Each structure stands twice: as structure tokens, then as C-alpha cells.
Protein chains: 2
Amino acid sequence: MSKAPQSAITPTRTEDYPEWYQQVIKAADLAENSPTRGCMVIKPWGYALWENIQQVLDRKFKETGHVNAYFPLLIPKSFLEQEAEHVEGFAKECAVVTHHRLEAGKDGKLIPAGELEEPFIIRPTSETIIGASYAKWVQSYRDLPILINQWANVMRWEMRTRMFLRTAEFLWQEGHTAHATAAEAVEETMQMLDVYEWFAHEYMAMPVIKGEKTPGEKFPGAVNTYTIEAMMQDGKALQAGTSHFLGQNFAKASGIRFQNQQGADEFAWTTSWGVSTRLIGGLIMTHSDDDGLIVPPRLAPKHVVLLPIYRNDEEKTQVLEYCHRVKKELEGQTYMGDKIRVELDARDIRGGEKTWQHIKKGTPIRAEVGPRDMQADSLFVGRRDLGVKDKKGVGRSEFVSTITNVLDEMQKNLFNRALALRESRTQTFTDLSEFSKWFTPKNDAKPEIHGGFARAYWSADPADAKLINDKLAELKVTPRCIPLGEKVPPGKCLFTGKPTSTQVIFAKNY
Amino acid sequence: MSKAPQSAITPTRTEDYPEWYQQVIKAADLAENSPTRGCMVIKPWGYALWENIQQVLDRKFKETGHVNAYFPLLIPKSFLEQEAEHVEGFAKECAVVTHHRLEAGKDGKLIPAGELEEPFIIRPTSETIIGASYAKWVQSYRDLPILINQWANVMRWEMRTRMFLRTAEFLWQEGHTAHATAAEAVEETMQMLDVYEWFAHEYMAMPVIKGEKTPGEKFPGAVNTYTIEAMMQDGKALQAGTSHFLGQNFAKASGIRFQNQQGADEFAWTTSWGVSTRLIGGLIMTHSDDDGLIVPPRLAPKHVVLLPIYRNDEEKTQVLEYCHRVKKELEGQTYMGDKIRVELDARDIRGGEKTWQHIKKGTPIRAEVGPRDMQADSLFVGRRDLGVKDKKGVGRSEFVSTITNVLDEMQKNLFNRALALRESRTQTFTDLSEFSKWFTPKNDAKPEIHGGFARAYWSADPADAKLINDKLAELKVTPRCIPLGEKVPPGKCLFTGKPTSTQVIFAKNY
């Protein structure tokens with residue numbers, strides 16, 4: 001890799017988008033498939049992204065009044081069965097624990113033994129097991145609200161998996177709250193949706209549309225599901241986070257009841273909300289290019305990598321000394337409340353190879369320092385959101401004093417360019433055949449490049465659901481959400497022609 | 001609870017130590033048993049302790065060159081079988097996943113379906129699944145060392161469980177490192193043992209003895225297991241953390257091989273090390289008293305609780321305003337690098353009840369503020385390590401300016417008193433009948449009050465193991481460790497009379 005190829009990732013995005021995604025993950029050393037079916041190993045660089053995501057969100061959850069707790073991994077089968085829609089949604093894809101030891105069989109090989117009276121399910125989500133605790137904890141309105149979050153691993157035995165986007169095991173946070181009134185629970189649901197939007201915009205530089213899911217796309221057991229939807233570079237949608245108003249459904253299933261201020265017995269109103277390691281998939285697909293990952297500065301494990309260049313031991317000593325000085329100066333600066341994170345990569349490998357490793361890993365700023373740069377008291381600086389060859393000399397003192405501005409510029413640039421893409425690939429349709437054509441790859445286009453986000457009027461009448469869903473299934477398109485906070489004039493459903501005031505965003509999706 | 005009883009916890013430590021432990025957990029609202037067999041729910045106050053433990057250790061692991069990653073929860077059965085001692089150690093108590101969905105049976109009830117070709121084990125520890133990755137990652141000595149830690153949940157299907165100390169599921173960190181030489185791996189093993197000792201002493205205020213496990217007490221598959229052992233207030237030992245030198249055993253089982261600098265093929269040398277939520281059990285049993293939990297200041301979720309006292313709305317307004325001011329002033333102070341954590345408990349419940357809640361939860365400093373205190377510009381302050389009634393008026397400015405000193409004094413006091421207890425209950429024995437007597441509860445003593453730590457000479461000859469172990473089993477005593485860094489003169493084994501230079505610490509244990 002000493003000479004730069006056309007691009008560092010093969011294939012490129014236009015050649016084969018899904019394969020490009022896998023190759024970016026590999027080149028950036030984020031994760032790899034594991035010997036456990038459908039599960040991945042999250043490697044240190046990928047896990048560092050997750051740690052940064054956790055840190056920011058955890059702080060925000062606490063600022064909004066939540067505390068963390070931890071509930072069991074295993075859910076008794078009977079708990080899952082308490083809520084009819086819920087079990088329907090999760091029973092088909094769950095890991096079942098049936099035995100509690102291994103024993104040598106006739107051929108000497110170990111076989112499961114100690115069969116359990118009741119099997120356990122590895123949590124696919126924790127409404128039911130957490131509900132059992134809340135039922136014990138809540139007696140009076142004085143015990144409400146309960147505002148708890150959990151950082152945990154969960155399992156859903158998906159048949160088709162893709163790293164970060166859909167894996168059998170994934171890491172997430174799940175908030176579970178219980179309230180004395182419906183209004184308060186709805187307010188919580190919307191507050192957390194806003195937190196997710198804020199995080200996507202401010203930290204991930206990933207523009208999202210807040211919306212409500214149509215009934216067919218709700219969380220199993222929820223009254224309303226709200227979502228943030230992002231557009232990936234291939235025009236497909238990614239559901240990046242959800243917040244559910246559960247009404248009294250789960251409170252009834254778990255028996256969360258309380259005496260209200262008037263002394264009457266009531267069921268509590270609950271919510272749940274979550275984001276997962278899927279966000280990392282979204283981050284990759286939103287920003288990366290044909291040279292690899294691009295990490296938004298506010299989530300970068302390292303903001304700056306210093307790359308010393310030298311030909312002999314004497315130069316090495318001097319250049320490294322200079323780099324250490326620059327590192328210290330940079331670390332004296334703060335960005336988003338933390339000190340600037342600097343890596344000094346002094347490994348003895350060829351400069352070209354080393355630089356390309358950092359390009360592929362997406363570190364925001366690369367600064368090369370050779371003897372001549374040092375003599376000019378300057379560094380040769382490249383920004384990961386600009387072209388690989390777009391580098392320039394910057395005086396040391398300017399470099400240090402402007403670093404936070406440069407990082408913020410990059411952060412904004414990433415957001416704006418993702419927003420521009422989304423806007424360029426969002427269209428409103430009033431004609432079904434145009435809509436269908438837009439979602440049907442043309443012969444001369446790569447099969448993985450799809451239309452984008454299509455807005456269209458949609459009939460909410462349950463009687464029309466089958467007709468609409470059949471048409472959508474044919475096109476492999478799904479309703480992503482009914483955008484929030486928009487007032488649209490009355491119109492006609494794209495599929496049925498019925499009058500409606502609801503517009504939906506449709507897209508192919510991950 | 002408006003009048004203080006003799007003590008807040010019933011029974012007291014001397015009345016029934018194990019039950020006292022459960023009651024402290026309940027009174028401090030740390031955790032509770034869950035409907036999932038052997039698993040607990042870690043409630044917010046208990047989880048906040050774990051978060052503080054994680055934060056300090058995680059920082060230290062990173063300072064010592066480690067990075068975090070994440071490996072699958074489920075381990076293929078065949079992986080567990082790769083290392084003979086390892087599978088022997090874990091097969092008897094493991095949760096086995098055999099199916100990947102639930103399906104309606106004949107009676108309409110859900111039954112496990114979709115049987116897996118090969119069952120999976122929920123990780124009891126991750127040497128084998130992590131080893132599989134390392135085998136892929138390591139080719140050359142240049143790929144070594146690998147220094148990775150994982151924060152995760154694990155399961156061991158223990159028959160007898162006790163909250164925090166022994167639960168079917170628990171939270172922990174497991175470090176897994178691979179090195180090019182035995183010496184380097186040994187150095188890593190000892191470094192992490194030192195980190196655990198440092199943490200126990202500096203943060204938990206829990207004195208520990210560093211030592212090596214005798215062969216019978218080693219981690220299954222390890223060459224050497226090192227431990228930190230703490231004495232609980234009933235004289236029993238708690239193994240609080242372990243660090244294992246695994247030699248090449250697991251490298252051979254997983255196939256972690258590399259080309260060394262001379263071009264020859266070698267197996268890597270590996271280590272693993274971990275501490276878990278068990279530390280919280282240790283914290284409780286080391287410091288708490290008959291009024292509930294006592295939290296060492298350096299791990300306290302809140303350092304100070306402000307307790308406003310008033311009789312009417314006018315007083316309430318004034319007192320709360322004053323408290324807010326004190327809170328702000330305290331938060332301007334830093335302790336151990338973070339700002340002082342202050343809770344202003346303005347809940348409308350009776351003062352006595354409120355105060356007792358905070359005593360039972362173990363917050364280091366309680367400061368009551370009534371109208372008269374306010375007029376004197378002072379607070380009525382109690383320290384949780386002193387008697388409940390041992391409170392005194394302290395001027396506001398003195399209170400604020402001395403808070404970090406007071407917290408540190410309390411931290412030291414807790415350590416010293418735990419150390420004094422350990423020293424008072426550690427004896428050296430040269431006579432087996434004295435040793436036996438010491439570990440046999442006298443008629444007039446409570447059955448749960450045991451001798452403590454007994455030092456004695458011990459023969460390392462494997463031929464003597466059975467005789468020694470039988471005698472120990474009779475007394476329900478185990479060898480805890482061979483203390484490190486001690487030079488003892490030659491002596492005679494307490495059990496066999498054989499000459500030996502090894503002294504072991506024996507104790508009953510958790």
C-alpha cells in the first residue's frame with residue numbers, strides 16, 4: 001500500500017455498496033464475524049466508538065433525570081407470554097436456554113443435561129422482566145415516576161445478519177419508565193425521541209427525520225412507536241432509534257398498579273426507548289467514502305494522529321521530540337468538554353502504509369512531521385473529510401490554536417453533506433406508477449442504488465392496509481414514518497385514492 | 001421509623017451475620033432477588049456503586065495500555081471442550097442454549113423449537129471464544145502483545161446463590177492478554193494483581209492480601225492463579241479478584257501461534273484477570289454496621305446529602321434557598337478529580353424517616369439544615385463512619401472548605417478499622433488441634449462467627465493433597481493463598497509434619 005491506489009476500498013460504493021460496507025469495516029478494523037452464528041466481535045476501534053456514544057448518551061440520560069440499573073439476562077418463558085402482541089413479535093427469533101449443565105454422553109462427548117422445568121429466553125428486550133420489578137416497587141402515586149435506563153446485551157435470532165446493522169447479539173441501552181398519567185408518559189416518550197435526534201445531529205453528524213411509525217411497523221405491544229430515520233448513502237433508510245409509548249398494555253401484563261391521589265387503583269403508564277450498536281452501522285454508511293471510514297470528530301476515539309517521518313536515528317530523535325511537544329500542546333486544548341485526544345504513531349512501519357491505515361480508520365486530522373516541516377516549525381495536515389491528497393502545511397502555533405475550530409468545521413461539513421444528499425434524494429409522489437418506477441432500479445443503474453425517500457399521501461384506514469402492504473412488498477419498500485410537526489393539506493392516498501391528511505415517508509431500508 | 005430503634009438493621013451482625021447481610025442490601029436498596037433463578041436485580045443505588053468501580057478501573061486499565069473490545073455472549077460447545085481442565089471446571093454449571101425459537105405446542109403453550117445443530121453455552125468466562133479471535137489476529141511477534149479488556153455479563157449456574165457474592169449471572173471485567181514471552185505474560189499477570197490491590201486499598205478501603213492460589217484452588221486451565229483476599233467482619237475470607245498466568249495452555253487449545261524474531265513458530269503466552277460485582281458484596285461486608293451500609297467516600301454515588309428541615313412554607317423557601325447555595329459551593333470543590341457529588345433531598349417526608357434512609361444507604365456525610373442552623377450560618381453534620389448520634393454544628397464556610405479533608409479522613413478511617421479487624425483475627429498455628437479448635441465454633445458463640453485467617457506451614461507435595469484437603473473439608477476451611485513477598489524460615493507442615501518453606505493462609509470463605 002506504499003503507493004496510493006485509486007481508492008483504498010475495493011469495491012467502491014458505486015460498484016457494490018453492500019460489499020463496500022463490509023470492506024470499510026474490515027479496513028477500519030472495527031469488527032469481524034465470530035464463530036458464534038450471527039454474532040460479531042467488536043474490535044477495539046469499533047468499541048471505542050461505542051464507548052464514546054455511551055458516554056454522551058449516559059450523561060444526557062442522567063441530566064434528564066434517569067438512573068441506571070441492571071436486570072437479568074434470562075427471561076422466564078411465561079413472562080414473554082404475558083403480552084400477546086409482544087410474544088408474537090419475539091417468539092420466532094429467540095435463543096432458548098433449556099439445560100443447566102453439560103454431561104458426558106455415551107460417546108464421551110458432552111451433551112446438555114439438567115433440563116430446566118421452565119425454559120428461559122435470552123432477553124430480546126426487557127419490558128416483561130423489568131415490568132415484574134416495577135410491579136413490586138410501585139404501590140402509590142408517590143412511587144412514580146420510575147425513570148430507569150439499562151446498558152445491556154440482547155439477542156434476536158435473526159436469519160440474515162449484517163455487522164452492526166443486524167446481528168444476533170447486540171449492545172444497546174433500553175430506557176423503561178413508568179408514570180401516573182398518560183400525558184406524562186407521552187411527554188417522556190417525546191423527550192427521549194428529542195434526545196435521540198439531538199445526539200444524531202450534534203454528535204453523529206447524521207441528519208434524521210423524527211416521525212411516528214405506521215401501525216404495521218410499531219414495536220410489538222406498543223400504542224405508538226416513534227423513530228428517527230436516517231438516509232444512508234445508497235438512499236436506503238436506517239431506523240436509528242425508537243421511543244415507544246406503551247400505554248397501559250405492559251402495566252396490565254405485568255401488574256404495575258398504583259393508588260392514585262384520589263385513592264383509586266390504576267394501572268401505570270409506561271414507555272421504553274433504545275438505541276444500539278446499530279448506530280455504528282449508521283455512522284459508517286452516512287460518512288465513509290471509498291478510502292474507508294470517516295469518524296465525526298465529536299465521536300472520534302482520536303481527534304488527531306501525529307505521523308513522524310525520518311530517515312535515520314538522529315532525525316528520529318528530533319522529530320519525535322517535536323511531536324511530543326505538539327502532542328502536549330494539543331492535549332492542553334479542550335473540545336466538547338474533554339481534552340483533545342492525540343495519537344502519536346511512532347511505529348516502525350513504512351510511512352505510506354501507516355498513513356493509509358489512519359485514512360482507513362477515519363481519524364479526523366492527520367499531521368505529518370518530517371525534518372523539513374520541523375525546521376519550518378510546521379506540520380503537513382490532512383482532514384479526513386477532504387480529499388486524501390488535499391494536505392497543506394500549517395504553522396505549529398496556528399495548528400494548535402485552531403484545532404477545535406477545524407474539528408467543528410469538519411463536524412458541520414459532515415452533517416451538511418449528509419443533509420444535502422438526503423434532500424437531493426427525497427421526492428414527493430402523487431402518482432403510483434412514478435413512485436414504482438423510482439423504486440425500480442433501471443437497467444443501466446447499479447442494482448444497489450435505490451431511489452431514496454419518497455413522500456406520499458397514505459390512507460390510515462385499516463381496511464386498506466393489505467392492499468397497500470402488498471404493493472409495497474412488491475417494490476421491497478416500507479413505510480418509514482409519518483414525520484412529526486408537519487401540517488400537510490388534505491390529499492389523496494397514493495395507493496387507494498381515498499382522502500387523507502397523512503403523509504408518509506417510504507423507502508427501502510436496512 | 002420516626003424514632004430510632006436500637007439499630008436500623010434487624011438482626012444485627014452478632015445475632016445473625018448472613019441475614020444481617022441480606023437486610024443491609026434491602027435497607028440500602030442495593031439489589032433484590034429476581035424471578036430468574038439465582039439472578040438479582042441491581043437497583044439504582046447498587047448499580048451506581050458498580051458504575052463508580054467501573055470508571056476508576058477502566059481508567060487504570062487504559063493507563064496501563066489496555067483497550068476494550070467485545071466478544072460474543074454465546075460460546076460454541078466445542079470451544080469449551082478445547083481445554084480439558086477448563087471444561088471440567090465449567091461444564092457442571094452452565095446455561096445451555098439449545099433452540100432458537102418458541103412455537104405453539106399441542107396445548108397452545110409455547111415450547112422450544114428450531115433445535116440447534118451444536119448447542120451454545122452462555123459464557124462463564126471468555127478464554128476460549130477470545131482465544132479463537134487471537135488465533136486469527138496473531139501471526140508474527142509484531143502482532144504481540146494484545147492487551148484487551150471486556151466489560152460483560154457472565155453466567156455460572158451455581159446451586160447456592162447469595163446476592164452480589166455468588167449469583168448465576170454477574171457483571172465483571174475480564175482482561176485477556178497474549179504475549180511473545182513467558183516473562184512478559186508473568187509481568188502482566190502481576191501488574192494487574194497490583195492494580196487490583198491498589199483499587200481495593202485506595203478506593204474500596206478494603207485491605208487485601210496478595211497471594212498465589214494453591215494448586216487445588218487454581219482457575220481451571222491456569223498455570224498460576226494469583227488472588228487478593230479480604231477478611232469480612234465475620235472473619236471469613238472473600239476472594240475479591242484474580243489474575244491468572246495461563247502459560248501456553250489456552251494458546252495451544254485455541255491455536256494462538258506466531259513467528260518469533262528468529263523466524264520460528266511458537267505458541268503465545270496468555271493471561272486473564274477479572275473482578276466482578278462481587279466487589280460490592282465485599283464492600284458491604286467490610287464496612288457496614290448495624291445501621292446499614294457504609295460507602296467509602298471514593299466510591300460514593302453521593303458524597304453529601306443535604307437535609308432541609310422546616311415547619312412551614314416560609315421556612316421551606318428560605319431553608320431550600322440556603323441549601324441550594326451550599327450545594328453549589330460544595331460542587332465547586334473537587335475530590336479525586338471529580339466535583340463533589342451532592343444530593344439535596346427536598347422530598348416531603350418526615351425528617352426522621354428521611355435521615356434514616358440516608359443512614360441505611362451509607363452516604364458518607366449528612367448535613368441537616370433547619371432555620372436556626374441557617375441563622376447561625378452553619379449545618380448540623382454527621383459522618384457515616386461515626387455513631388449515628390455523633391453529630392455536630394459546623395459553620396458553612398468551614399464545612400465547604402474542609403469537605404475533601406473530611407471525606408479523606410473517613411476513607412482512611414474505614415481502611416484502618418478494617419485492617420485492625422483483620423490483624424486482630426489473624427493467627428499463626430503450629431499445632432493442628434489448636435488450628436481445628438479455632439475454626440470450630442464454641443458452644444457459647446454464634447455459629448456464624450468464625451476464627452479468621454490462620455497462617456500455617458503447608459506441604460506443597462501433591463502426595464499430601466488428599467490428606468490435607470480431607471482435614472480442611474472437615475473443618476469447612478480452605479487454603480486462601482500463599483502470601484506474596486514474604487520470606488518465611490523453613491518449618492513443618494501443620495498437617496503432615498513434612499519440612500516446607502511455604503506458609504498458607506487458611507480461612508472459611510464466601
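**Stop 1: the domains of chain A**

Start by colouring chain A by domain: the assignment gives domain 1 (29-287), domain 2 (300-407) and domain 3 (426-507). Keep in mind as you go that this is a predicted model. If you place a marker at the C-alpha centre of domain 1 and another at that of domain 2 in chain A, the two lie 40 Å apart.

**Stop 2: a five-stranded sheet**

Next, show chain A as a cartoon and look for an open sheet of five strands, in the order β18-β15-β19-β20-β21 and with mixed pairing. Which strands stand at the edges? Select 342-344 for β18 and 391-395 for β21 of chain A: each has a single partner strand, so one side of each is left without a neighbour in the sheet. Looking across the sheet, you will find neighbouring strands turned by 25 degrees against each other on average, direction ignored.

Now select β15(A), residues 304-308. On one flank, β15(A) runs parallel to β18(A), and three bridges join them. To see one of these positions, pick Val305(A), whose bridge partner in β18(A) is Glu343(A). The pairing of β15(A) with β19(A) is parallel too, over five bridges. Here, try Leu307(A): its bridge partner in β19(A) is Glu368(A).

Is β15(A) enclosed or open? Five of its five residues are buried, so β15(A) is largely enclosed by the rest of the structure. In a regular strand the side chains alternate between the two faces of the sheet. Show the side chains of β15(A) and sort them by face: Val304(A), Leu306(A) and Pro308(A) are on one side, Val305(A) and Leu307(A) on the other, and all of them are buried.

**Stop 3: the helix packed on the sheet**

Keep the sheet in view and add α10(A), residues 351-361. This helix packs on the sheet, touching β15 and β19 of chain A, and its direction makes about 175 degrees with that of β15(A). Which residues of α10(A) are buried? Highlight Lys354(A), Thr355(A), Trp356(A), Gln357(A), Ile359(A), Lys360(A) and Lys361(A), and you have them.

To see what covers these buried residues, bring in further elements of chain A, including α1 (17-27), α2 (44-63), β15 (304-308) and β19 (365-369). Before leaving the helix, step just past its end to Gly362(A), which takes a positive phi of about 80 degrees.

**Stop 4: where chain A meets chain B**

Turn on chain B and select the contacts: 44 residues of chain A are in contact with 44 residues of chain B. On the chain A side, strand β5 (residues 96-104) gives the most, with seven residues. Colour the chain A side by residue type and you will see 28 nonpolar, eight polar and eight charged residues.

Zoom in on the two β5 strands. β5(A) and β5(B) pair in the antiparallel sense over three bridges. Pick His99(A) and look across: Val96(B) stands opposite, in β5(B).

**Stop 5: the axis between the copies**

Finally, zoom out to view both chains. A rotation of 180 degrees, with 0.0 Å of shift along its axis, superposes chain A on chain B with an RMSD of 0.0 Å. The two copies are thus related as by a two-fold rotation axis. Where should you look for the chain A residue that comes closest to the rotation axis? Select Val97(A), at 2.1 Å by its C-alpha. The same surface serves both copies, as 100% of the contact residues of chain A recur in chain B.

Conventions. Residues numbered from 1 in each chain as written. Chains lettered and ligands numbered in written order. Predicted model: local features only at pLDDT ≥ 70, side-chain atom pairs only at ≥ 80, totals over all residues. Domains from an automatic or database assignment. Buried ≥ 20, exposed ≤ 12 C-beta atoms within 10 Å, placed from the backbone. Helix = DSSP H or I, 4+ residues; strand = E, 2+ residues; numbered from the N terminus. Contact = placed C-beta atoms within 7 Å. Nonpolar A, V, L, I, M, F, W, Y, C, P; charged D, E, K, R; others polar. Pairing = 2+ DSSP bridges. Axes fitted to C-alpha atoms, helices over the stretch in contact; angles between N-to-C directions. Least-squares fit on C-alpha atoms with pLDDT ≥ 70 in both.
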